[in-house]
Amino acid sequence: MLKIKDLYKSYNIKTPVLSMIEMELKQGEFVSIIGPSGAGKSTLLRCINRMIEPSEGSIVFDETEITSLSKKALRGERAKIGMVFQHYNLVSRLTVFENVLHGRFGYKSTLKGILSIFTEEEKQLALEILDKLGMKEFAYKRCDQLSGGQKQRVGIARALVQQPKLLLCDEPIASLDPNSSKVIMDHLKEICETMGITVLVNLHQVDVAVKYSDRIIGLNKGRVVFEGLPKELSNYA
Ligand code: ADP
Ligand code: ADP
């Protein structure tokens, strides 16, 4: 469902941040990208949904070449790719429910405070997803009243209302304590297993990657240095 070939990204001409990246994901896989800070993990995820422009190479997602899409066509493809961030990227003065609903339609309309633009069906979907993540009872709380782990569950819910095929998670537990981290990783695993959504997650904790992943990709200095099953990683490390 995702095939990356010979991908390069440089922010300046001298030093590429990503080089010769080759990668393939199958529908329903749970794959972690591990590597030290600065390895290029975040840049790689952001190339996939074209939050940043790759310099060279090919990214085929769901049979569509992402790197050559027009802005308009990109919008449609992006809806199939959910994104979860380390720092949640929620609008703190809005409620959980508002943040989640606007995953699908952008934040502009809520800033005017109109929830009525959403259909009952859309609201129902948002509540169902919040319920699945154990956050339904917080639906009408402002996001600035939540703990980090709760905020991240809202971040995941916002990505899921898009009904994505692929969920990209950029260091989703890097700001969380061990208990909240487990809750978040368990939810991601369940989303993958029960909803069939492909999950690609950046992590710097190798033990977490080993515990949850079907496959692990190791990145260092912008290159893939390992690709294999969790159990193969121990031979490598
Ligand atoms: P990781 O997620 O593995 O920590 P990043 O993708 O964030 O790695 O960063 C990889 C490298 O690219 C780092 O050396 C970082 O300083 C550099 N980098 C990231 N974003 C930018 C940017 N917008 N402009 C210039 N350099 C950047
Ligand atoms: P905090 O006070 O926690 O920094 P903010 O309300 O400033 O929270 O916003 C948090 C994140 O939400 C920001 O990183 C930004 O990317 C995103 N954000 C804020 N306002 C908007 C908006 N109008 N549209 C889209 N994203 C927004």
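Two strands count as paired if DSSP finds at least two bridges between them. In this predicted model, strands β1 and β2 meet that criterion, pairing in the antiparallel sense over 6 bridges. The two strands form a hairpin, with 5 residues between them. Within the β1–β2 pair, S10 stands opposite P16 of β2.

The hairpin belongs to an open sheet. This sheet has 4 strands in the order β2-β1-β4-β5, and its pairing is antiparallel. Its edge strands are β2 (16-25) and β5 (64-65), each of which pairs on one side only. Strand β1 (residues 2-10) also runs antiparallel to β4 (residues 56-61), and 5 bridges join these two strands. Two residue pairs illustrate the β1–β4 register. I4 stands opposite I59 in β4. L2 has F61 of β4 as its bridge partner. Helix α1 packs on this sheet and touches β1, β2 and β4. The direction of α1 makes about 120° with that of β1.

A further open sheet contains 6 strands. Their order is β6-β7-β8-β3-β9-β10, and the pairing is mixed. The edges are taken by β6 (81-84) and β10 (223-228). Each of these has a single partner strand, so one side of each is left without a neighbour in the sheet. On average, neighbouring strands of the six-stranded sheet are turned by 20° against each other, direction ignored. Inside the sheet, β3 (residues 30-34) and β8 (residues 198-203) pair in the parallel sense over 5 bridges. Here S32 stands opposite V201 of β8.

Two helices contact the six-stranded sheet. Helix α7 (residues 178-195) packs on it and touches β3, β7 and β8. The direction of α7 makes about 135° with that of β3. Helix α1 (residues 41-48) lies across β3, β6, β7 (166-170), β8 and β9 (215-220). Relative to β7, α1 runs at about 150°. Helix α1 thus has contacts in both sheets: β1, β2 and β4 in one, and β3, β6, β7, β8 and β9 in the other.

Helix α1 also contributes to the surroundings of ligand 1. The residues around this ligand are Y11, V17, P36, S37, G38, A39, G40, K41, S42 and T43. The largest share of this shell, 3 residues, comes from α1. By class, the shell divides into 4 nonpolar, 5 polar and 1 charged residues.

Polar contacts to ligand 1 involve both side-chain and backbone atoms. An N or O atom in the side chain of K41 is 2.9 Å from an oxygen atom of the ligand. At A39, a backbone N or O atom lies 3.1 Å from an oxygen atom of ligand 1. Y11 places a polar side-chain atom 3.4 Å from a nitrogen atom of ligand 1. Taken alone, ligand 1 exposes 560 Å², and the protein buries 53% of that area.

Conventions: Residues numbered from 1 in each chain as written. Chains lettered and ligands numbered in written order. Predicted model: local features only at pLDDT ≥ 70, side-chain atom pairs only at ≥ 80, totals over all residues. Heavy atoms only, no water. Axes fitted to C-alpha atoms, helices over the stretch in contact; angles between N-to-C directions. Contact = heavy atoms within 4.5 Å. Near = heavy atom within 4 Å. Polar contact = N/O pair within 3.5 Å; in protein donor to acceptor, adjacent residues only side chain to side chain. Areas by Shrake-Rupley, 256 points an atom, 1.4 Å probe, with all protein chains shown as cover. Nonpolar A, V, L, I, M, F, W, Y, C, P; charged D, E, K, R; others polar.
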